[in-house]
Amino acid sequence: MSQAVTRSTFDEVMVPNYSPAGFIPVRGEGSRVWDQSGREYVDLAGGIAVNSLGHCHPELVAALTEQAGQLWHVSNVFTNEPALKLASLLVEKTFAERVFFCNSGAEANEAAFKLARKYASDHFGAHKHEILSTRNSFHGRTLFTVSVGGQPKYTEGFAPVPAGIRHFDYNDIESLEALISDATCAVVVEPVQGEGGVLPANQAFLEAARALCDKHGALLIFDEVQTGVGRSGSLYAYMEYGVTPDILTSAKSLGGGFPIGAMLTTSKVGASFVVGTHGSTYGGNPLACAVALRVIEIVSRQETLDGVRAKAARLSRGLSELGERFGVFESVRGMGLLLGCVLTSAYAGRARDVLKAAEEEGLMLLVAGTNVVRLAPSLLVSDADIDEGLSRLERALSRLTR
Ligand SMILES: *Cc1c(COP(=O)(O)O)cnc(C)c1O
């Protein structure tokens with residue numbers, strides 16, 4: 001017999017690496033979530049930019065349950081139809097000519113960094129192995145990806161870390177110029193730094209990164225784990241900038257809540273992953289790919305992408321107004337439906353307090369560091385849910401500032 005579980009069960013049976021909210025969500029529909037007690041929340045967190053079509057979207061439920069009655073898993077000893085359909089659609093809709101599937105953002109980046117090293121080793125030799133990444137970036141939690149990530153606090157206590165990784169300043173062309181050399185195999189950039197505070201890249205910075213990579217024979221990797229799959233208003237954020245990477249990583253929104261990651265690249269670069277060089281037991285799993293196929297089909301409709309722009313404008317306008325009225329937000333930044341509210345100096349470091357106050361008013365938000373309140377709602381969030389979320393935030397800020 002299964003026993004009742006509560007929030008305190010978490011502290012009894014889980015490793016203490018997370019500190020989840022006080023309530024336990026049990027059901028979701030669109031941008032609304034209900035907890036164990038039946039209390040309802042407006043969800044503008046979107047499972048950290050994962051629930052791209054909200055909770056339990058009927059078309060995703062159908063895709064998953066149809067596939068669940070067909071074939072769950074065969075491993076990569078065999079290929080499968082959903083994986084091939086999804087890869088074909090991604091190739092059709094993006095710069096990519098080849099796709100590798102895995103189960104998370106970290107794995108997609110792990111594959112990207114390994115491919116960049118392998119490609120450089122194949123074409124130039126072992127000396128060309130340096131990976132350059134930006135300070136304050138986030139690329140996942142495996143030892144390699146966390147080392148490429150530019151937040152030293154995440155590697156503390158895990159030494160020795162992989163070698164051949166150096167960091168430069170985001171949006172700072174000179175700082176990249178100073179590090180890049182013929183020993184560089186790849187430069188990795190998030191088009192919007194997500195975990196690092198929802199900070200978008202400057203146009204000139206991405207263009208310079210592309211040019212410097214070309215000059216030094218390095219690959220340009222865009223980590224679009226957070227910015228990808230419609231969130232920016234384009235299918236991928238690189239399309240907003242018109243700067244094309246050699247490798248792009250995708251996860252989070254790609255599965256709409258079902259775990260999947262993908263690495264997209266060109267035929268030439270992808271060719272270095274010859275048989276046996278890399279792999280994943282679950283990568284390209286039929287259940288995950290069937291769901292992601294439907295996600296990409298829905299997100300790449302023009303009406304969905306137009307909707308993202310309209311909803312983003314409505315949400316950011318509302319956030320700016322509230323931020324100004326209560327003196328809590330200094331600015332609202334980001335791209336599309338990935339928004340960050342930067343706290344004023346009066347509330348510096350108190351992003352968690354805003355989150356807590358919002359939770360008390362029935363609103364789910366995120367933080368990005370201690371100084372930015374982050375929102376990454378469903379791309380299909382309704383105007384009514386945006387407005388209700390804003391009025392709950394208004395009550396939360398009113399209480400916080402009282
Ligand atoms: C979340 C995130 C990752 C890691 O993805 P996981 O699925 O948690 O492994 C990597 N890069 C970026 C930019 C992210 O936002």
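User: What makes the pair formed by an oxygen atom of the ligand and a polar backbone atom of Ala106 a polar contact?

Analyst: The distance. The two atoms are 2.7 Å apart. A polar contact is a pair of N or O atoms within 3.5 Å, so this pair counts. This is a predicted model: local features need pLDDT of at least 70, side-chain atom pairs need 80 or more, and totals for chains, interfaces and linings use all residues. Numbering runs from 1 along each chain as its sequence is written, and side-chain values use heavy atoms, without hydrogens and water.

User: Which side-chain contact does Lys252 make with the ligand?

Analyst: A polar side-chain atom of Lys252 sits 2.6 Å from a ligand oxygen atom. The protein covers 82% of the 380 Å² of accessible area that the ligand has on its own (Shrake-Rupley method, 1.4 Å probe).

User: How do you know that Phe138 and His139 are around the ligand?

Analyst: Both are listed around the ligand, as are Glu190 and Asp223. A residue is near a molecule if one of its heavy atoms lies within 4 Å of it, so that is the test they pass.

User: Why is the set with Leu86 and Phe101 called a nonpolar core?

Analyst: The name requires buried Ala, Val, Leu, Ile, Met, Phe, Trp, Tyr and Cys residues joined through side-chain atoms within 4.5 Å. Buried means under 20% relative accessible area (1.4 Å probe, protein chains only). The largest such core has 97 residues, and Leu86 and Phe101 are among those touching the most other members. Helix 11 (residues 286-299) gives the most to this core, 9 residues.

Terms used. A polar contact is a pair of N or O atoms within 3.5 Å; within protein, one must be able to donate a hydrogen and the other to accept it, and residues adjacent in sequence count only if both atoms are side-chain atoms. Buried means under 20% relative accessible area, exposed over 50%, partly exposed in between (1.4 Å probe, protein chains only). Helices (H or I, at least four residues) and strands (E, at least two) are DSSP runs, numbered from the N terminus.
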